[in-house]
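Visitor: I would like to go through this model with you. Could we take it one topic at a time?

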Amino acid sequence: MKPAAGELLPLLKQYFGFTSFRPLQEEIIRDALAGRDVFALLPTGGGKSLCFQLPALARDGLTVVVSPLIALMKDQVDALQAAGVAATFLNSSLAPEEGRRRLRGLHQGEYRLLYAAPERLMLSGFLADLQRWNVRLIAIDEAHCISEWGHDFRPEYRQIADLRAHFPNVPFMALTATATERVRADIVGHLKLRDPRRYVASFNRPNLTYRVVAKSKPYDQLLDFLRARRRESGIVYCSSRKAVERLATNLTEDGVKAQPYHAGLTPAQRATHQEQFLRDDVRVICATIAFGMGINKPNVRFVVHYDLPKNLEGYYQETGRAGRDGLPGECVLLFSPGDAVKQTQFIEEKTDPQEQQIAREQLQQMVHYAESAGCRRVELLRYFGETFSAEACGACDNCLSPRATFNGTVAAQKLLSCVYRIREKSGFGVGLNHVVEVLTGADTERIRKWGHTELSTYGIGKEHGRTEWAAIGRELTRLGFLRQTAEKFSVLEVTREGLAMLKSRQTVMLTKPVAAPQTQSQRVGDIACDEALFDRLRELRKRLADQLNVPAYIVFSDVALRQMARTYPATQNEFARISGVGEKKLHEFGAAFLGEIAFHLQEHPRQIFADDSFVAPAPASARGSLGDSARETMRQFRAGASVAEIAKNRDVTTSTIYGHLAEAIERGEPIAAEAFFNVKELADIAGAFNRHGFAALAPVHEALGGAVDYGRLRVFRAIVNAGK
């Protein structure tokens, strides 16, 4: 005899090892056992799956779970089988014979839970089978997929509603982790839930920290982030398959075990990569949104969005995959307004006007979140209709380090006036980009065609760049002074509040935008640098140019030399970032210029510059990615090749290979000293460095009687410096 509804705790302990329920779980389970339809919105990590898994164990019959992804089915079934629960799934990944074996088991009543995709459930033959299998509950997981207003709309989910006619007496349970009021109503309506009990848990994930970071050299930003968390695993979301592949490859070459995951991989590849991640054989998954739904990995410590998500619901669900075990998790979004522009272009390619409108509104909300100066947690919870009790959460970037504000009254007046004047003259509204072009005095065909050069606001905003004006426009929209019409996402109009502000000349405080610094072409004289070093580098350039019998600029431009004299590159990778340094020039001239810079720093202190976009990185955060040549060395070294073997394979000197290894160590590559030195050598070398210092290698080399070559000494110094 199966346990009654009142005997749930013993089952919970027996199969899942818990002694108590999470919030709302027990109520949902009891309603399901009582035959009630249920709508349940529980955040990621809130225990949605248990709400239909435990009822399946508390009574006879079969629980059918509608699931959108093969990976989700396998993950949950594997977990259930490991817990001793008779569960199975049916999908296209199964070999024909395996599928027939599972069907036989279903006919014989061997399973308590069946996971299947919606399209399979609606096949006529399969429906007939279901009606013979004593179905006691139909659970629709990831139910937001049924709503076109949801972040992951799947048309095939609409078919599920037809199941009601075939199973009129079977209770339905719809579950999701993310749904606005509109999506919740869609789910209940489309599934034809009958007087459902509705459960909505708090969306707040107190253990997660949210940060939005200005996107600038994003790969190096990501690499620094990952190297600071060597023992932690996480997910990096990208907007395209190509970006996913490139990122996973580069991270692996830079010593971070990573695998790609996207819909373009074969099912076998996706399954393998997911398994490696779940088993901690790979600590980073680079993925499109195809990855993660229902993945039950509790120790995901971070989620990084490398590109701007399309909507807040998807962002919330994806960040929710961090910290499912209740321990701290970090959620980082790398944001650039340019990402929003790219997504707008994709939206314009949609043929369905309704889809375009939905996508525009969702993108607008996402950009508002990224640029908001308010508490991230408050913004997220407000989107889902929940009020956060505190004014500041203390666990997001805006609460921990509030952004600077400035008096933006004049800027607001100019922009609002420009929007008003354009509509007044033309009789129609325009987008923010056009307003910015008018403010900055651009000479475009549309501006001439519509006579906007005649406006009093034409060219009055040249004190700000276009990126700044665009950010100001978006903030004025967030503040309610402007409105972007629903019919046309890009069309602006001044609101009643905006008109009142113009008339009253009230003070408007704006925030410094979260945005990547613009790359601007600058005159050579505009680049402040160490003038003494610049002269020294210019002399070196002249000597090299004379040897090659070419003009000096063929070696490097003055711009390149000034950047060198400003940022003081110390490694090949840093040198490669200088404007005008290609691969060939890196190999031909890198060592000479790096040596000259190093000699200069032995005699003169480093100067600090912070008055324009060429800012010298702080030593602690300067660890970036390796160059291609050093990456290849590291690839062979990790594969077990010796320094001599790598040098032979690559037709270079062992000194070059040691240089690559030293650079990798400085970049954070964990290489133990024992790979290069025995115990006695370590003691002798350490003593020599202690006596003669780390600035120059020659005295140390001499003190050791030449027994240890310069290449290995360079590696030793790198190991010591990396440990500081």
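Visitor: Which residues lie on the two faces of strand 6, and are they buried or exposed?
Guide: In this predicted model, Phe-172, Ala-174 and Thr-176 lie on one side of strand 6, with Met-173 and Leu-175 on the other, and all are buried. Overall, 5 of the 5 residues in this strand, 172-176, are buried.

Visitor: Which way does strand 1 run against strand 6, and over how many bridges?
Guide: Strand 1, residues 38-41, runs parallel to strand 6, joined to it by 4 bridges. Within that pairing, Phe-39 has Ala-174 as its bridge partner.

Visitor: And how many bridges does strand 5 form with strand 6?
Guide: Strand 5, residues 135-140, pairs with strand 6 in the parallel sense over 3 bridges. Here Ala-139 stands opposite Met-173.

Visitor: Changing topic: how many disulfides are there?
Guide: The structure has 0 disulfides.

Visitor: Why does Cys-396 not form a bond with Cys-399?
Guide: The two sulfurs are 3.5 Å apart, which is too far for a bond, because a disulfide requires sulfur atoms within 2.5 Å. Cys-396 is itself buried, at 0% relative accessible area.

Visitor: What about Cys-51, where is its closest cysteine sulfur?
Guide: That sulfur belongs to Cys-145 and is 18 Å away, so a bond is ruled out by distance. Cys-51 is also buried, with 0% relative accessibility.

Visitor: One last item: where is Thr-288?
Guide: Thr-288 is in the loop between strand 11 (284-287) and strand 12 (300-305). Its relative accessibility is 10%, so Thr-288 counts as buried. Beyond its sequence neighbours, Thr-288 touches several residues, including Tyr-237, Arg-241, Tyr-261 and His-262.

Terms used
Residues are numbered from 1 along each chain as its sequence is written. This is a predicted model: local features need pLDDT of at least 70, side-chain atom pairs count only at pLDDT 80 or more; totals for chains, interfaces and linings use all residues. Side-chain values use heavy atoms; hydrogens and water are left out. Buried means under 20% relative accessible area, exposed over 50%, partly exposed in between (1.4 Å probe, protein chains only). Contact means heavy atoms within 4.5 Å. Two strands pair if DSSP finds at least two bridges between them. Lists of a residue's contacts leave out its neighbours within four places in sequence.
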